[in-house]
Amino acid sequence: MKKNSFHASALCLFFALTTVTAQQKKDSIEQLNEVVVTATKFAIKKEHVGKIIYQITPEEIEHQKGKSVADILDNIAGITINGSNSSAGKNKSIYIRGGRDRHVIVLIDGVSVSDPSGINTTFDLRLLSLSQVESIEVMNGAASTLYGSGAATGVINIKLKQPVEKPISLNYEVSLGTNNSQNDSKLNFKDFNQNITVNGILNKFSYLAAGNFSKINGLSDASDENSEVKFESDKFEASNSFVRLGYKFNQKFNVQLFSNYDKNVYDFDAGAFSDSDINIGENEQLRFGFSSNFNYEKGILSASASYNKNDRMLDIFNSWSNATDHFEYTGKTYVADVINNYKFSDKFQLITGLNYQKQSNETNSPYGDINEGLANYNTIDPYFTVVYNALSGFNINAGARLNNHSEYGNHWVYNVNPSYNFSKDFRLITSLSTAFIAPSTYQLFSQYGNVDLKPEEDKSMEFGFIYSIKKKVEINSVFFYREEENAIILPDYVTYSNSNEKLNAKGVETEIKFDILKETTVRLGHTYIYKNADIDYIPKYKITALIETNSIKNTYLSVRFKNISKRTYFDQWGTGDNINLKAYSLVDLFASHHLIKDRLSLIVQANNIFNESYVETIGYTTKGRNFKMGLNFKF
């Protein structure tokens with residue numbers, strides 16, 4: 001099977017190299033942005049970065065309207081979002097490079113977001129509306145030196161929308177679609193969404209206010225394939241609001257204030273293949289804070305602070321007591337970050353920072369309470385990164401972080417990331433990094449808690465290349481190897497402890513972008529992952545493809561393809577056996593047409609057009625063939 005993986009990557013490379021000779025000259029080529037932010041927390045030229053960073057630009061998000069953030073991320077090489085093809089209320093779990101949710105850190109405008117009330121403090125992607133997102137950067141690999149706990153397999157940096165350069169701008173979008181399983185082909189429009197954004201810049205003052213409302217129904221959370229009775233549909237309703245205010249005092253100093261309020265209410269079932277008309281969940285998030293930048297002669301001083309409160313509620317039917325159990329969770333996070341980027345010269349810069357975080361958990365449940373006064377911890381982490389870019393083509397990004405945790409003490413992590421530009425078209429990259437995942441408030445202070453827990457440790461290395469051919473073809477491929485130690489486990493459901501078992505994962509990620517015809521682009525992605533243990537829903541092989549064109553006047557068309565290989569899952573809650581899940585492929589179509597240029601657009605999409613039947617999570621429903629259409633107004 002390993003040989004098949006490398007053969008697939010080699011085939012992608014061969015296809016790209018042989019096709020370039022047949023390409024027609026393109027009048028204008030849309031390349032990736034010249035700069036990226038996630039690699040250093042400050043804008044840096046792509047050719048100076050020794051990492052592969054996947055960018056989802058505003059144009060690409062524009063061409064995927066009507067989808068969710070989870071849908072967008074699931075099309076990136078190396079990333080699998082389990083639950084993205086299930087009911088809207090199903091949890092969306094992020095898998096990168098063989099890791100789980102807790103190994104990935106999610107940033108919103110550079111500030112980490114999490115939920116301390118959960119077992120693993122992971123961020124819930126269902127709380128974020130794509131309509132409020134401007135762009136996304138994803139950097140696979142360990143990055144705890146810059147971003148702290150959780151950045152073990154990847155960093156997802158989501159940038160929310162910024163005001164446009166005019167006094168007032170209004171954008172309104174409405175869409176309606178079906179939400180069917182493979183066994184239901186009715187044209188019942190159960191997926192409704194609308195959002196509105198008002199923004200602008202008045203002299204030195206900028207503003208943006210956005211609201212989104214979604215209502216989705218028609219699909220059961222649990223699969224009814226083993227039942228003689230059709231399961232009821234489970235609804236999902238979400239509202240999202242976002243406000244950003246900014247003031248530019250002068251060319252050197254600016255301040256922005258922001259606030260998010262997000263809420264969703266959803267039905268969920270009693271488990272795999274098990275229906276329920278009682279179980280209800282509710283998630284509520286409040287975020288606010290500020291960020292500022294001060295530019296001086298030799299660098300930039302940046303500061304940010306935020307408060308994030310997550311409230312979750314669950315009503316779950318208890319078959320033993322024949323009653324409904326009520327659960328309430330409140331997680332609070334305080335984050336402050338001060339960073340200075342000092343440029344000694346055009347070749348050498350030093351980035352230093354100090355990060356403070358405090359997390360707390362308040363839980364009320366029939367099985368035990370957790371008191372916020374006890375279940376809290378804080379961290380104070382100084383860190384630095386050195387960036388050197390020589391004229392010879394040699395680049396290095398190296399740094400370290402000292403994690404000071406109020407419970408387990410100190411922990412060091414480091415990063416060494418050299419690269420070499422042989423030319424403007426060919427770059428070799430490599431890195432060696434360590435990362436950590438701090439134990440959650442639940443793992444420390446719940447009835448199963450252990451205050452002597454140490455952080456999980458992760459070590460990663462990677463080697464790869466980035467190559468372009470006359471700016472017509474872009475190829476990147478990277479091999480990675482990762483080791484996990486001190487994983488936090490719950491043996492025999494007694495007390496959390498650190499495991500003595502060492503897990504490792506290795507694989508190859510390859511992505512190719514090229515132009516085959518005028519105004520037409522093709523992207524291919526291939527991922528291979530092998531793990532020595534810990535059987536789960538992570539596919540060994542994943543292939544993605546995109547063909548998009550603007551060749552028709554005022555019209556954009558795209559076809560997306562995704563293939564997920566066979567997977568093996570250990571059914572610990574059911575049979576206790578390994579279950580083999582079949583491979584599956586999905587094909588989606590998207591089209592947008594400017595009815596009135598720069599004013600009114602029509603959006604049409606068809607997902608899973610061949611109505612593929614497949615299993616994403618055992619016992620849960622997946623989406624069949626569905627259609628959606630919408631209108632986008634700009635004033």
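Two strands count as paired when DSSP finds at least two bridges between them, and that criterion underlies the pairings visited on this tour of a predicted model.

**First stop: β15, β16 and β17**

Begin by selecting residues 299–318, which make up strand β16, together with residues 280–296, which make up β15; the two pair in the antiparallel sense over 17 bridges. To check the register, pick isoleucine 280, whose bridge partner in β16 is aspartate 315. The connection that turns β15 into β16 makes a hairpin, with 2 residues between the strands.

Now add residues 323–343, strand β17, which runs antiparallel to β16 and is joined to it by 20 bridges. Within this pairing, asparagine 310 stands opposite glycine 331 of β17. β16 and β17 also form a hairpin, here with 4 residues between them, and in the turn asparagine 322 is worth selecting for its positive phi of about 55°.

**Second stop: two asparagines in loops**

Move next to asparagine 203, in the loop between β11 (189–202) and β12 (205–216), where phi is near 60°, a positive value in a residue other than glycine. With a relative accessible area of 74%, asparagine 203 is exposed, because that value is over 50%.

Asparagine 486, in the loop between β24 (473–485) and β25 (488–489), likewise has a positive phi of about 60° although it is not a glycine. Its relative accessibility of 24%, however, makes asparagine 486 partly exposed.

**Third stop: a nonpolar surface patch**

Select Leu202, Phe205, Val243, Leu245, Tyr247, Phe249, Leu257 and Phe290, and show them as a surface: together they form a nonpolar patch with about 660 Å² of accessible area. Strand β13 (residues 236–248) gives the most to this patch, contributing 3 residues. Leucine 245 is found in β13, and this residue is partly exposed, at a relative accessible area of 36%.

**Last stop: an open five-stranded sheet**

Finish with the open sheet whose 5 strands follow the order β3-β8-β9-β6-β7, with mixed pairing. Colour β3 (53–56) and β7 (111–113) to mark the edges, where each strand has a single partner and so one side of each is left without a neighbour in the sheet. From one strand to the next, the twist averages 25°.

At the β3 edge, 4 bridges join β3 to strand β8 (residues 133–140), and the two run antiparallel. Which residue of β8 is the bridge partner of isoleucine 53? Selecting isoleucine 53 and looking across to β8 leads to methionine 139.

Technical notes
Residues numbered from 1 in each chain as written. Predicted model: local features only at pLDDT ≥ 70, side-chain atom pairs only at ≥ 80, totals over all residues. Heavy atoms only, no water. Patch = residues over 30% accessible without salt bridge, like charges linked within 9 Å, V, L, I, M, F, W, Y side chains within 5 Å. Areas by Shrake-Rupley, 256 points an atom, 1.4 Å probe, with all protein chains shown as cover. Salt bridge = Lys/Arg side-chain N within 4 Å of Asp/Glu carboxyl O. Buried < 20%, exposed > 50% of the residue type's maximum accessible area, 1.4 Å probe, protein only. Axes fitted to C-alpha atoms, helices over the stretch in contact; angles between N-to-C directions.
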